[in-house]
Each structure stands twice: as C-alpha cells, then as structure tokens.
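Open the model in your viewer and keep the selection tool at hand. This tour goes stop by stop.

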Amino acid sequence: MPVYNEKDTIREIVKRVEAVSIRKEIIITDDCSTDGTRNILKEMEREYTAHLESDPNNRVRFLYHDKNMGKGAALRTGFSNIATESTVVVVQDADLEYDPNDYEALLKPIADGYADVVYGSRFKGPGRAFMFWHMVANKLLTLLTNILYNTILTDMETCYKMFRSDVIRGVNLRANRFDFEPEITAKILKQKLKVYEVPIHYYGRDYAEGKKIGLKDAFEAVFALIKYRFKD
C-alpha cells in the first residue's frame, strides 16, 4: 500500500483491508507525506505493536521514505519487503476508490490455477459516472497496450493488480511514479504470463477530492509502453 498525503482515508482503508477474511500481511509505505499522514501512521504503528497477537489474519508493517519519490518507488520498497512465505501480492491504493471486498474475485483465477496475474477492471464493473476525459485517456492507453503487446485488456491503468509473489519478485522494476502501471504491464506481458481480468467496484474521486494522477502521467505512460516494448 503506497501512501502519500492521505490523512483523511488511511485509517479507514487499512480497516477495510483488515476486514477481508484472508490471512495477509499489509505493507504500508509512506512516501514522505506532508499533510499529517505520517503522524497518523506512526500512531497506528504504536497501536499495532501493542496488540501484535490480537488478529491472526493480519500482520501490518510500516515503512517510511525520507523523501518523496513517487508511487512506483513506494511500491518497489513494499515489494522488496514481501515475506518469504508470501504466495500472492496485490496493490492497494490508500484512498477509498477501490474496494478490498474484491480481493476474493481477484484471487480466484490464481487459486484455481488459471492465472499468474489478475487485473481488476473498472470498466467491467460498477463505477461512478464522471470524468469523461480521464476515461478517454485510460482507454487510449489501454488500446496502445493491446496494440503493442497483442493482448485484450480493458483497464491497463487499474490499481488492482494481483500477482503470484514469485512473479513480482522476478520483475526488475525501475518506475518511480505512476509509470509503474505501464512498466509492470509491459514486463509481465513480454514474459507471456497468464493474465486474467475480473470486474471490480470503483468509487472514483475527482481532483478536488484528492486525485493525483494527471496529464503529464499519461504522456509518461505512453513513453513507458513504447520503451519497454523494445527494451529491458
């Protein structure tokens, strides 16, 4: 769970992840938040340390960046700290746009042996009807992905990407920002891994509500998709 300036949602999203009845480790990486999020995380860390044995389904770890490096860098930090016994990893944003109750749907194709990686598609499931141009950008980036990598994804930019742990351990990631999404997609597709999509719920927020990804990130995603098609 990469975190940057999410003081209004961090406690609630961790609570929702914990409530999912799957045994898991929650790795939270604070990317040098400046809005008070880090203070909340430090307080949460003290609370969890005091009650380590109270919840056998949830182990929570807190990691901190000394400077802001971006979502991709926060994810790399989290991936490098995955427990050796971990079998499956999922990316969870620290806002409330994505519903952890979808974990079981994401997990099923992997547990059944059909998939190495599962993407949760916002365009196949119920979601808020708004931000037309943001939707257009997402669909164009996904179309470019499908053309370059001969696939049929509907939502390349989704946060909900679930991997077998050995898959994510074997990928050399470089992205520091939101270009993590096209980079990881390019690299798993080039490995010819079995990728499935499932519908997910999506409770989008707009920029006034704290959304961070912007037009610059779309151009960086295009560059990353093209670059990783032929390199690395």
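What follows is a walk through a predicted model, one selection at a time.

**Stop 1: the parallel sheet**

Select β1, β2 and β3. They make an open sheet of 3 strands in the order β1-β2-β3, with parallel pairing. Which strands stand at the edges? β1 (2–3) and β3 (58–64) do; each has a single partner strand, so one side of each is left without a neighbour in the sheet.

Now zoom in on β2, residues 24–30. Its pairing with β3 is parallel and runs over 7 bridges. For a landmark, pick E25: R59 in β3 stands opposite.

Add helix α1 to the view. α1 packs on this sheet and touches β1, β2 and β3. Its direction makes about 165° with that of β2. Then add helix α3, residues 71–79. α3 also packs on the sheet, again touching β1, β2 and β3. Here the angle with the direction of β2 is about 140°.

**Stop 2: where α1 meets α2**

Keep α1 (residues 10–19) and select α2 (residues 37–50). Their axes come within 10 Å and cross at roughly 40°. That crossing makes α1 oblique to α2.

Show side chains at the contact. From α1, display I10, R11, V14 and E18. From α2, display T37, I40, L41, E43, M44, E47 and Y48. How do the residues of this contact divide? There are 6 nonpolar, 1 polar and 4 charged.

While the helices are on screen, recall the geometry. An α-helix has 3.6 residues a turn, so residues three or four places apart point the same way.

**Stop 3: M69**

Move to the loop between β3 and α3 and select M69. Is this residue buried, partly exposed or exposed? Its relative accessibility is 34%, so M69 counts as partly exposed.

Display D31 and N176 next. M69 is in contact with both, leaving aside its neighbours within four places in sequence. Then draw a distance from M69 to R177, C-alpha to C-alpha. The two atoms are separated by 7.4 Å, although the residues are 108 apart along the chain.

**Stop 4: the mixed sheet**

Select β4, β5, β6 and β7. This open sheet of 4 strands has the order β4-β6-β5-β7, and its pairing is mixed. β4 and β7 (195–199) stand at the edges. Each has a single partner strand, so one side of each is left without a neighbour in the sheet. Look along the sheet: the twist averages 20° from one strand to the next.

Focus on β4 and β6. They pair in the antiparallel sense over 3 bridges. Pick V89 and find its bridge partner in β6, F163.

Turn on α4. This helix lies across β4, β5 (117–121), β6 and β7. It runs at about 35° to β6.

**Stop 5: the aromatic residues**

Hide everything but the aromatic side chains. A search of the whole structure finds 6 aromatic pairs. Start with Y98 and Y160, a tilted pair: 5.0 Å centre to centre, with 50° between the planes.

Why does this pair tie together parts that are 62 residues apart in sequence? Because Y98 lies in the loop between β4 (88–90) and α4 (103–111), while Y160 lies in the loop between α5 (132–149) and β6 (161–164).

Check accessibility too. Y98 counts as buried at 2% relative accessibility. Y160 counts as buried at 0%. Widen the selection to Y103 and Y202: together with Y98 and Y160, they form one aromatic cluster.

**Stop 6: T145 and helix α7**

Select T145 in helix α5. T145 is buried, with a relative accessible area of 0%. Show what it touches, not counting residues up to four places away in sequence: N150, T151, L153, M156, T185, L189 and L225.

T185 and L189 are among the buried residues of α7, so make that helix the last selection. α7 covers residues 180–190, and 10 of its 11 residues are buried, so it is largely enclosed by the rest of the structure. The buried set also includes F180, P182, I184 and I188. Charged names appear there as well, including E181, E183 and K187.

End just past the helix. α7 is followed by K192, whose phi is positive, near 60°.

Note on methods: Residues numbered from 1 in each chain as written. Predicted model: local features only at pLDDT ≥ 70, side-chain atom pairs only at ≥ 80, totals over all residues. Heavy atoms only, no water. Axes fitted to C-alpha atoms, helices over the stretch in contact; angles between N-to-C directions. Helix = DSSP H or I, 4+ residues; strand = E, 2+ residues; numbered from the N terminus. Parallel < 35°, antiparallel > 145°, perpendicular 65-115°, else oblique. Contact = heavy atoms within 4.5 Å. Pairing = 2+ DSSP bridges. Buried < 20%, exposed > 50% of the residue type's maximum accessible area, 1.4 Å probe, protein only. Phe/Tyr/Trp six-rings, centres within 6.5 Å; stacked < 30°, edge-to-face > 60°.
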